[in-house]
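Me: I've got a model open and want to go through it piece by piece. Can you take my questions as they come?

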Amino acid sequence: MANGIKLQDESSIIYKLTHLNWTFIVLTVVMACIGFSALYSAGGGNMDPWASRQLTRFLIGLVALLIVAMVDIRWWYKLAYPIYFIGLFLLVIVEIMGQVGMGAQRWINLGFIQLQPSELMKIAVVLALAKYFHAATRDDMASFRFLLPAAILILAPVSLVLLQPDLGTSLMIIMAGIIMVFLAGAPILYFIIAGGIAAAAAPIGWMFMHDYQKQRVLTFLNPESDPLGSGYHIIQSKIALGSGGVEGKGFLDGTQSRLNFLPEKQTDFIFTLWAEEWGLIGGVFLLLIAGLIFYYGIRISLKCRHAFGSLMALGLTVNYSLYVFINIAMVMGLIPVVGAPLPLVSYGGTSMLAILISFGLIQCCNVHRDAKLPRM
Amino acid sequence: MAMEKENDRGKSFTRRAFIIGAGQGLLLGVLAGRLAWLQVAQGTRYKTLAEKNRINVKMVAPSRGEIVDRFGVPFAVNNQNFRVLIIPEQTDGLEDSLKKLSKIIELNQKDIKHVLQVAKKSASFLPVEVRDNLSWEDISKVEVNITDLPGVGTDVGEIRNYPFKEATAHIVGYVGAVNESEIDQDKMLTLPGFRIGKTGIEKAYDKNLRGEAGRAEMEVNVIGREVRELKNKKSMTGKRIVLTIDAELQLYAQQRLSTTRSASSVIMDARTGAVYALNSYPSFDPNEFTSGISAERWEELLNDPAFPLTNKSIAGQYPPGSTFKMVTALAGLEAGIITSRSAFNCPGHYDLGSDRFHCWKRGGHGIVNLESALAQSCDTYFYKIATDIGIDRIADMAHRLGLGERLGFELSEEKPGLMPDKDWKRGRFGQKWQPGETIVASIGQGYILTTPLQLATMTCRLVNGGYAVKPWVTGFVGTNSGLDTSWPKLELNQAHLDLIKKGMYQVVNIKKGTAYSSRIEDSIMAMGGKTGTAQVKRITKQERAAGIRNEDLAWQFRHHALFVGYAPVDNPRYVCAVVVEHGGGGSTAAAPIAKDLLIMAQKRDPGTEPLKDPNEGNGIEELPRRKPGMIGG
């Protein structure tokens, strides 16, 4: 058979480059460009202090994306658990010696970058679950004993992130994990049961919440009750967004963000700034680009011939979409302020790097869609 | 088998992936919907909120309108107020800067402490006032050194100034800081340092004088720092108030009154009611109020028994004494109780039942008719007719002549005085009016109280042919003329009025007249008038027996001296009322002053240059200003 030759071809860089999903990469760049322009505006029409640094990071991240995509997927398959445990270890390190910032311990200072292990953990959980479910049979998926280790894979990092405490990230990991379990084929009945238990456990969870987290939930329910305190963010964000109208106030003319009424305009509230200046048209455009990214992510997942790749690509797409939904719903006052960035657009190194690496893994699935993975 | 299972699982995955994809699409739709809701449906609302966020509307205080006399001589103006300000964030250490500044201008430890305190409380980019009311020299010194004083700046504000000081204090009044109770719908009043009229014209025409605040719309950032100016509407200077007062006459009258301990006077136009001078002595310097009066000085003014803060010409209420006799006489004439030929004998007293009422002249005046009774101020004559007329007809005549009620004068300090009658007494004391009280009232004693302004108005109405003039002092507010001066005619018999006038002529111009020594010898300027001496404390029988005269009593128990006069006698134009508090006799204390004032009024003759409507061209604003020092010209 021509198998041998084909394998040779498949491992060559040229082959791999041509088998990247370039539309997906273009969409990634477009999304990043939205970010650059918004950060340029946030800087008052200056590349400094945010846009230029974001651009550098993006370029570095793009290289990382390509490298990740080129690596033989079998390596990622082999490394799935080690990466997971390294992530877990880093979370423990953060817990022990992490720096105190924003009332929560979230990052390790590596000197050149503030590493936020929880961001990497989101990818690691998807990787580990994809590997765990790779060879799962239908009977396995119905077996409680088979699913228990998967639950532990999800809950171990979640509990560590909760300790930081970072409610937003832990919820995102749980949601991504549940969706992975769902995709892997667990019976629907289990989700109904789990949902019922979660609903019953919610009041207990409330008791364990930090005051500031409780406050955020309460403020979300009635932001005007505290216009100068926690509600300030949501009110100001809605004012900035709403005042943008259909056509927006124009590039660099967003008054609310420029005059600093909008808090955290360069990070979590970057979408507000964007939609203030570009209006409904710009906002919908951004959502459309995000939607296309989801679409191509799912397409790559479906075209992948092995369960590991399919699960990983879709899991990571879901992970990205969770960021988008949570961030945008938050700035529009649909959900409480949880402190989640809009990846590729918000200013911030770790989230951008994490998303670009996860996009690299998705691309890796595209490149290695026909790879033979062991079945254990 | 395995392949089948694989396919089966693949199908399940595809189905579930599709569900996830659909879920994502749905959520994106929700987000887009929410965005459209905020930006389209609620867009207008949020736009307004955004503007409110961003725009800080600053009010710009307008300049207060000027107050000037009939010739444009300024009574109240805005002087430049030089201030030194400091912007804490621009200094290299606020305290050091203030210390440096204290070497240039006078700045004591208290001032520095105050600045530091204020600076602590306000945002560091807001200027803090260090000193105000600085001289031009001081401000120049600061300006010269400004490069060594980062953060220090100067500016020019406005401060009200009254160039005539004491002389116009009671008419013009003064401005002061806004009290809580004075805050109305006008947001301007909340401006820091805003001043409003507290007394006089400043109070009466405050709303006109205020002007309209300008609006500067400033774009501000979240901490309130001004980023740029968006819109600017200039403030409108307040209306200019032109008074009917003649500054020179006013100044002269004030100086003339200062020869007494406490006095007030009114000079007005018998034909129009225009007030040419309105004086009250002692007075105060209103400039002390605008720059912040000390507590000691305030106490001193308040406790002065001569009431320097009160405008006695309109708020001083005195028994009119014999100046009231014209009212009694005219009431008698109009009632037909006396005629020009009625004559009585005055034995020096009048008996009503068992009560004996004395004439001021012991031994009496002998046979007196109306003119001689007025000329010699014979009390008995009026006692006699008063009983026949009755108090109500006297009171009615008094009201018709402008006594006993407010005349609608512009200054809110105006007091009504009091003209008693039977109803009043019943209402006030629940008692019947006694005939003896009518006798006392007929010579302006007892309950009757009048203000100098009322006495002047009464005199106007007596000598102008019976027109019910009212006093007024504002000629123009901006370009709008003040009062309509076509006065209604009182239904009075001209022959009766002529008779009264004849009597008033004789008061001054015949030897027996009580004010003969104050006659104006220049016949063109000759005046008529009536003296009055109002009892403050009754001389008891014992005192009378002991030969104690009024002059021997303590100042506050002495009689008030009054005089009402008009000139020239043949064609009366200027009317003057003078009240010297506790001055003794009207003929000795008040008449000489009235004489001087009427001479000056005729020399100045402000009435011949009437206020003209500025709308008709050649308005008062274009009239040449009279130069100071024209007195006697």
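Me: Before I trust anything here, what is the average pLDDT of chain A?
Reply: Keep in mind that this is a predicted model, so confidence is a good place to begin. In chain A, 89% of the residues score at least 70. The chain A average is a pLDDT of 85.

Me: And which element of chain A has the highest confidence?
Reply: Let's start from the other end: residues 1-5 of chain A stay under 50 in pLDDT, and the model has 0 contacts for them beyond four places in sequence. Among the elements of chain A, confidence is lowest in strand E1 (residues 100-101), at a mean of 50. The highest value, 95, belongs to helix H3 (residues 22-42) of chain A.

Me: What is the mean pLDDT of chain B?
Reply: One stretch to treat with care is residues 615-633 of chain B, where pLDDT stays under 50. The model still has 27 contacts for that stretch beyond four places in sequence. Over chain B, 93% of the residues reach 70 or more, and the mean pLDDT is 86.

Me: What ipTM does the predictor give the complex?
Reply: Two scores come with the complex. The pTM is 0.63, and the ipTM is 0.89.

Me: Which helix gives the most to the side of chain B that touches chain A?
Reply: The contact takes 41 residues from chain A and 34 from chain B. On the chain B side, helix H1 (2-41) and helix H2 (43-54) each supply at least two residues. By class, that side has 16 nonpolar, 10 polar and 8 charged residues. The helix giving the most, with 22 residues, is H1(B).

Me: Is helix H15 of chain A largely enclosed or not, and how many of its residues are buried?
Reply: H15(A) covers residues 307-331, and its 25 residues reach 36 Å from first C-alpha to last, close to the 36 Å expected at 1.5 Å a residue. After this helix comes A:Gly333, with a positive phi near 75°. H15(A) is largely enclosed by the rest of the structure, because its buried residues number 24 of the 25.

Me: Over to chain B: how many strands does its secondary structure have?
Reply: Chain B has 633 residues, and 45% of them are buried. Of its contacts between residues at least 6 apart in sequence, 74% join residues at least 24 apart. Its secondary structure comes to 22 helices and 21 strands.

Me: In the open sheet of 5 strands in chain B, which are the edge strands?
Reply: The order is E12-E11-E21-E20-E19, with antiparallel pairing. Neighbouring strands are turned by 5° against each other on average, direction ignored. Pairing on one side only are E12 (275-281) and E19 (528-534) of chain B.

Me: Within that sheet, what is the bridge partner of B:Met268 in E21(B)?
Reply: Strand E11 (residues 263-269) and strand E21 (residues 574-580) of chain B pair in the antiparallel sense over 7 bridges. The partner of B:Met268 in E21(B) is B:Val575.

Me: What about the open sheet of 3 strands, where the order is E1-E8-E9: which strands stand at the edges?
Reply: The pairing in this chain B sheet is antiparallel, and neighbouring strands are turned by 25° against each other on average, direction ignored. E8 (residues 214-220) is joined to E9(B) by 6 bridges, with B:Arg228 in E9(B) as the bridge partner of B:Glu219. The edge strands each have a single partner strand, so one side of each is left without a neighbour in the sheet: they are E1 (55-60) and E9 (226-233) of chain B.

Me: Is B:Gln454 buried or exposed?
Reply: B:Gln454 sits in helix H19 (residues 452-463) of chain B. Leaving out residues up to four places away in sequence, B:Gln454 touches B:Gly402, B:Leu403, B:Leu407 and B:Gly417. The cut-off for buried is 20 or more other C-beta atoms within 10 Å. With 31 C-beta neighbours inside 10 Å, B:Gln454 is therefore buried.

Me: Last one: what distance separates the C-alpha atoms of B:Ala515 and B:Thr531?
Reply: B:Ala515 lies in the loop between helix H20 (494-509) and E19 of chain B, and is buried, with 28 other C-beta atoms within 10 Å. Residues touched by B:Ala515 include B:Val507, B:Phe563 and B:Thr531. B:Ala515 and B:Thr531 are 16 residues apart along the chain, and their C-alpha atoms are separated by 6.8 Å.

Technical notes
Residues are numbered from 1 along each chain as its sequence is written. Chains are lettered from A and ligands numbered from 1 in the order in which they are written. This is a predicted model: local features need pLDDT of at least 70, side-chain atom pairs count only at pLDDT 80 or more; totals for chains, interfaces and linings use all residues. Helices (H or I, at least four residues) and strands (E, at least two) are DSSP runs, numbered from the N terminus. The expected span of a helix is 1.5 Å times one less than its number of residues. A residue is buried if 20 or more other C-beta atoms lie within 10 Å of its own, exposed if 12 or fewer, and partly exposed in between; C-beta atoms are placed from the backbone. Two residues are in contact if their C-beta atoms, placed from the backbone, lie within 7 Å. Ala, Val, Leu, Ile, Met, Phe, Trp, Tyr, Cys and Pro count as nonpolar, Asp, Glu, Lys and Arg as charged, and the others, Gly among them, as polar. Two strands pair if DSSP finds at least two bridges between them. Axes are lines fitted to C-alpha atoms, for helices over the stretch in contact, and angles run from 0 to 180 degrees between N-to-C directions. pLDDT is the predictor's confidence in each residue, from 0 to 100.
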